[in-house]
Amino acid sequence: IRCQSTSTDEVKTKRNFLDNASNLLTNFLSGGSLGDMPIAEGAVTDLFDRPLFFSLYDWFIEHGAVYKLAFGPKAFVVVSDPVVARHILRENAFSFDKGVLADILEPIMGKGLIPADLDTWKLRRRVIAPGFHSLYLETMVKIFTSCSERTILKIDKLLERESLQGGQTIELDLEAEFSSLALDIIGLGVFNYDFGSVTKESPVIKAVYGTLFEAEHRSTFYIPYWKVPLMKWIVPRQRKFQKDLKVINDCLDGLIRNAKDTRQETDVEKLQQRDYSNLKDASLLRFLVDMRGADVDDRQLRDDLMTMLIAGHETTAAVLTWAVFLLAQNPSKMKKAQKEIDSVLGQDEPTFESVKKLDYIRLIVVESLRLYPQPPLLIRRSLKSDKLPGGYNGNKDGYAIPPGTDIFISVYNLHRSPYFWDHPNEFEPERFLVQKKNEDVEGWDGFDPSRSPGALYPNEVISDFAFLPFGGGPRKCVGDQFALMESTVALAMLLQKFDVELKGSPESVELVTGATIHTKNGLWCKLRKRSHETS
Ligand code: HEM
């Protein structure tokens, strides 16, 4: 949520007025029930010049794990407690929808899974989730390696050019490289379209970035002016957004038409027999068209693909960005990671099987997601009256909430909570191997890796909702294993070939947030070829 810059006095006056008005309104709407909830003071000024989730953290430490944030005419309940998060996401999941998030994303994703109303969601989730089965993931690992190879080749070429001039190190914005890599992977994996963005620019690529940029603008802009009639044709950035959307929609429509026109019974049989090794196109779109028949509604398919394009692109790029940022500040952990890569992979590319042996790299990926969750907030709105548990340091009787209550589950707060993590702000991938309990937190079953024995990566079940990188309950991310494997493969391949350092100080890497946490000016790094003789 972004605020316009005004003088501090003016802001204070406005803030007091808006806070009072919103408290009255909220208490009126909630019949006074939200009135027992601690209220975060000092809203508006604290929102200047830094991402919202930092302020939410400070208020969490001050007011507790469930508090009300009021600013402007709006009030939000901010949750930083695993028991309350579990209630909202799993135990009472169907009493909530995506609220503000759906309002923002619906113009882009239509009735895709993220913003979809519950009826549409139930139908589409049943169709899409089975597409992410283990044979699909096994086939995807080949796409992850071939796309990562392109990035490696690009860096190799830049280094070769540098060596002709006597240098051995290049400077590169790795965030931008990861973004291109993740776009290529999502295009090939979800709809068999090669953006080729690691090596080129195209109108479709530009349109994807334009759309992401607009989604971010909408998620951080206070007044939804784009909903005002005619605005989308009057405001230049809204006109550009409509144009970008059309470019992507035309591209997706073409791919859907092609997938339907080329549907072949032999491919359907291969899919039914799970014979992925002989399939030319193993994409999710092929699965959706082949297994579900050619009569699937084109508009719905397009919404599904658009949703996965947006949901699976910047999120994964961000994980890679922060993993490198954290490793670069921890040389001993970087060495440990490279040692594991050398011993598991040698000079080979990762495979589905070898990813299972990259234990430390997998922990690095999840620890990066703990410190930099994507997105840092999960957004819900209550559809009916409900009672939230009070949180470990709140009202024992809990808090009644009326229909229409907007809720932020602060994943960032949960992931950095001193109640659930030792040294919460430190980068310690090994922490996920250790059991932990906190008897003071009633109803929290603690952290126990044995709770989810088959899981390759720590998850919300192991942590009883203290670790929520992919949400939890029925609306948990469908692409979690895809994204985790993709990040493991890409990170392993990068560190297998190159030594990476930050170009400037860690403090110079400023954070910005929209849907994801990213850098303000890129993650500028120094890269050099690894010398395997000396490692
Ligand atoms: C939902 C995170 C990658 C597709 C979610 C949610 C989170 C999340 C937290 C739950 C949102 C909520 O409850 O409000 C991530 C992260 C990723 C990632 C951190 C990368 C590291 C992907 C990929 C895909 C994908 C690669 C698709 C290929 C989706 C979809 C949903 C979703 C379709 C909506 C699920 C539903 O409502 O049924 N993601 N995601 N995500 N994600 Fe991901």
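**A walk through the structure, starting at C477**

C477 is located in the loop that runs between α19 (411–415) and α20. The model described here is a predicted one. UniProt, in an unreviewed entry, lists C477 under "binding site". With 19 C-beta neighbours inside 10 Å, C477 counts as partly exposed, because a residue is called buried from 20 such neighbours upward. Once neighbours within four places in sequence are left aside, C477 is in contact with F470 and G471.

The loop between α19 and α20 also holds F465. The phi angle of F465 is near 70 degrees, a positive value in a residue other than glycine. Most residues other than glycine have a negative phi, and most peptide bonds are trans. F465 has 25 other C-beta atoms within 10 Å and is therefore buried, whereas C477 in that loop counts as partly exposed.

From this loop the chain can be followed into helix α20, which covers residues 480–497. Its 18 residues reach 26 Å from the first C-alpha to the last, close to the 26 Å expected at 1.5 Å a residue. Of these 18 residues, 17 are buried, so α20 is largely enclosed by the rest of the structure. One residue of helix α20 is Q481. Q481 is buried because 20 other C-beta atoms lie within 10 Å of its own. Leaving aside neighbours within four places in sequence, Q481 is in contact with F132 and L137. Q481 and Y419 are 62 residues apart in sequence, and their C-alpha atoms are 28 Å apart in space.

Next comes a sheet that includes strand β10. Three strands form this open sheet, in the order β5-β13-β10, and their pairing is antiparallel. Strands β5 (169–173) and β10 (498–502) stand at the edges with a single partner strand each, so one side of each has no neighbour in the sheet. From one strand to the next, the twist averages 30 degrees. Strand β13 (residues 524–529) is joined to β10 by 5 bridges in the antiparallel sense. Within this pairing, V500 has L527 of β13 as its bridge partner. Helix α15 packs on the sheet and touches β10 and β13, with its direction at about 80 degrees to that of β10.

Helix α15 itself spans residues 314–328. It has 15 residues and reaches 21 Å from its first C-alpha to its last, close to the 21 Å expected at 1.5 Å a residue. Because 15 of the 15 residues of α15 are buried, the helix is largely enclosed by the rest of the structure.

Another open sheet has 6 strands, in the order β1-β2-β3-β9-β6-β4, and its pairing is mixed. Its edge strands are β1 (39–40) and β4 (96–97), each of which pairs on one side only. Strands of a sheet pair through backbone hydrogen bonds, either parallel or antiparallel. Strands β6 (residues 377–382) and β9 (residues 406–410) run antiparallel and are joined by 5 bridges. One bridge in this sheet brings together I379 and its partner F408 in β9. Helix α5 (residues 99–109) lies across β4, β6 and β9 and runs at about 105 degrees to β6.

How many residues make up the largest nonpolar core? It has 144 residues, and those with the most contacts inside it are V79, A323 and L491. In soluble globular proteins, nonpolar side chains tend to be buried together. Not counting residues up to four places away in sequence, V79 touches V66, V84, A85, I88, I407, F408, I409 and S410. F408 thus appears among the contacts of V79 and is also the bridge partner of I379.

Two further features of the backbone complete the account. Q374 and P375 are joined by a cis peptide bond, with omega at about -5 degrees. P375 is placed in the loop between α18 (359–371) and β6. N192 has a positive phi of about 50 degrees although it is not a glycine. The loop that contains N192 connects α8 (174–191) and α9 (203–220). With 18 C-beta neighbours inside 10 Å, N192 counts as partly exposed.

Technical notes:
Residues numbered from 1 in each chain as written. Helix = DSSP H or I, 4+ residues; strand = E, 2+ residues; numbered from the N terminus. Expected span 1.5 Å × (residues − 1). Buried ≥ 20, exposed ≤ 12 C-beta atoms within 10 Å, placed from the backbone. Contact = placed C-beta atoms within 7 Å. Pairing = 2+ DSSP bridges. Axes fitted to C-alpha atoms, helices over the stretch in contact; angles between N-to-C directions. Core = buried A, V, L, I, M, F, W, Y, C linked by C-beta atoms within 7 Å. UniProt positions renumbered as here; feature names shortened; annotations may be inferred.
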